[in-house]
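Work through the exercises below with the coordinates open. Each task is followed by a solution in steps.

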Amino acid sequence: MGEMEELRKEAESLKDQITAARKTVQDTTLQEAAAGITAVGRVQLKTRKTLRGHLAKIYAMHWGADSTLCVSASQDGKLIVWDSITTNKVNAIPLKSSWVMTCAYAPSGNLVACGGLDNMCSIYNLKGKDGNVKVMRELAAHTGYLSCCRFLSDTEIITSSGDCTCVLWDIETGTEKTIFAGHLGDCMSLAVSPDFKFFISGACDFTAKLWDIREAQCRQTFSGHESDINAIGFFPNGNAVITGSDDATCKLYDLRADQELNTYQDSSIMCGVTSLAPSVSGRLLLAGYDDFNVNIWDTLKSERVGVLAGHDNRVSCIGVSSDGMACCTGSWDSFLKIWN
Amino acid sequence: MTSNSNLSNMRRLVEQLKLEASVERIKVSQAAAELQQYCLQNAGKDALLVGVPTGSNPFREPRSCAIV
């Protein structure tokens with residue numbers, strides 16, 4: 001009994017230490033520091049393409065590294081690989097389980113992955129010998145739904161789950177290499193750092209965690225949100241993290257200052273953030289909301305600079321292509337739209 | 001849940017907090033300056049920010065007429 005009480009006190013004291021240490025380096029705010037730079041001005045993007053073909057809600061999309069192909073997942077039980085320029089469907093992959101919640105494109109372009117309420121991450125080989133797309137591996141070990149997955153390479157993938165853990169898998173053997181435990185709520189989203197050394201996870205415990213992939217450790221934990229974090233992404237230089245939450249706000253946390261630098265919110269926005277993606281310079285943050293819109297924020301000045309209104313239902317996923325040329329939104333209205 | 005596993009969870013939490021407390025932090029002014037610098041340096045190639053001329057937009061059909 002005595003040790004438990006001592007540990008509790010030590011934990012509280014450490015939390016106070018962290019709060020104090022963060023305050024010590026808080027010599028200004030990002031908004032103050034950015035006061036002198038020119039405002040972005042109104043950002044007006046137009047729908048350039050509409051990708052039609054899914055028959056039910058789209059839950060996820062991910063751009064391929066070539067900035068042309070992208071993959072989407074829908075609860076119609078299909079993964080579709082699209083050529084976003086021609087709008088042609090390159091592959092239409094039927095899934096064993098239609099309850100899909102996430103999909104990912106491998107950087108090589110050879111593989112795609114998906115998963116959901118089946119608690120598994122299924123890997124598909126797009127470049128099989130006979131031209132047919134087949135399941136290459138089924139990664140099964142999570143005891144909760146698969147909320148997100150991201151490839152490190154053709155041989156490794158990271159998954160996040162409703163069982164509160166994230167896992168690094170060896171795709172060839174189909175086994176768990178590392179289990180990242182620490183979140184106290186369902187893990188909803190993950191993103192890999194540009195140098196592939198770290199990943200961040202957002203969860204229903206209202207926190208985001210930074211994980212060192214090879215050391216298998218949580219390095220930093222970021223709080224502040226007042227509800228589930230549904231979406232997470234890295235600022236393009238890898239030094240900051242952006243989160244989107246059911247509390248209707250997005251937040252930017254700097255990794256090296258170890259604290260929140262900005263909150264993106266407006267009193268007129270009262271619905272949850274479902275998805276987010278920064279533009280390639282990091283200046284713009286595109287965030288999808290439950291009210292069918294995408295709001296575009298100036299990340300430095302924390303002002304709303306644009307809106308993408310074009311879907312007839314919740315925007316569930318969003319992605320900016322790696323060359324920054326276009327943004328893709330996916331919706332419960334079953335369509336994907338390409339904007340720039 | 002046994003009191004033993006509660007204890008080991010608590011020990012793990014304290015170890016984790018010690019790790020997170022030991023992180024080296026830079027000043028917010030430096031972090032902010034570097035974020036700004038990155039944005040400004042890469043603004044030119046951010047198509048969503050500065051736009052892209054119609055001719056070089058892969059997602060727009062070029063408006064041209066062919067004389068048949």
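**Exercise 1: the interface**

Task: state how many residues each chain gives to the contact, and how much area is buried.

Solution. Step 1: with contact taken as heavy atoms within 4.5 Å, chain B contributes 39 residues and chain A contributes 65 residues. Step 2: buried area is the accessible area (1.4 Å probe) that two parts lose on being put together, summed over both. For chain B and chain A this comes to about 4,400 Å², with 69% of it on carbon and sulfur atoms.

Conventions: this is a predicted model, in which local features need pLDDT of at least 70 and side-chain atom pairs count only at pLDDT 80 or more, while totals for chains, interfaces and linings use all residues. Residues are numbered from 1 along each chain as its sequence is written, chains are lettered from A and ligands numbered from 1 in the order in which they are written, and side-chain values use heavy atoms, with hydrogens and water left out.

**Exercise 2: polar and charged pairs**

Task: find how many salt bridges cross the interface of chain B and chain A, and describe the side of chain B that touches chain A.

Solution. Step 1: a salt bridge requires a side-chain nitrogen of Lys or Arg within 4 Å of a carboxyl oxygen of Asp or Glu. The rule finds 4 salt bridges across this interface. One of them pairs Arg256(A) with Glu34(B), whose closest N and O atoms are 2.6 Å apart. Step 2: in chain B, helix H1 (3–21), helix H2 (28–42) and helix H3 (47–50) each supply at least two residues of the side that touches chain A; helices are DSSP runs (H or I, at least four residues) and strands likewise (E, at least two), numbered from the N terminus. Step 3: sorted by type, the residues on that side of chain B are 22 nonpolar (Ala, Val, Leu, Ile, Met, Phe, Trp, Tyr, Cys and Pro), 6 polar (the others, Gly among them) and 11 charged (Asp, Glu, Lys and Arg).

**Exercise 3: inside chain A**

Task: count the helices and strands of chain A, then locate the salt bridge of Lys15(A).

Solution. Step 1: chain A has 2 helices and 28 strands. Step 2: Lys15(A) forms a salt bridge with Glu12(A), the closest N and O atoms being 3.7 Å apart. Step 3: both residues, Lys15(A) and Glu12(A), belong to helix H1 (residues 2–24) of chain A and are 3 residues apart, about one turn of the helix.
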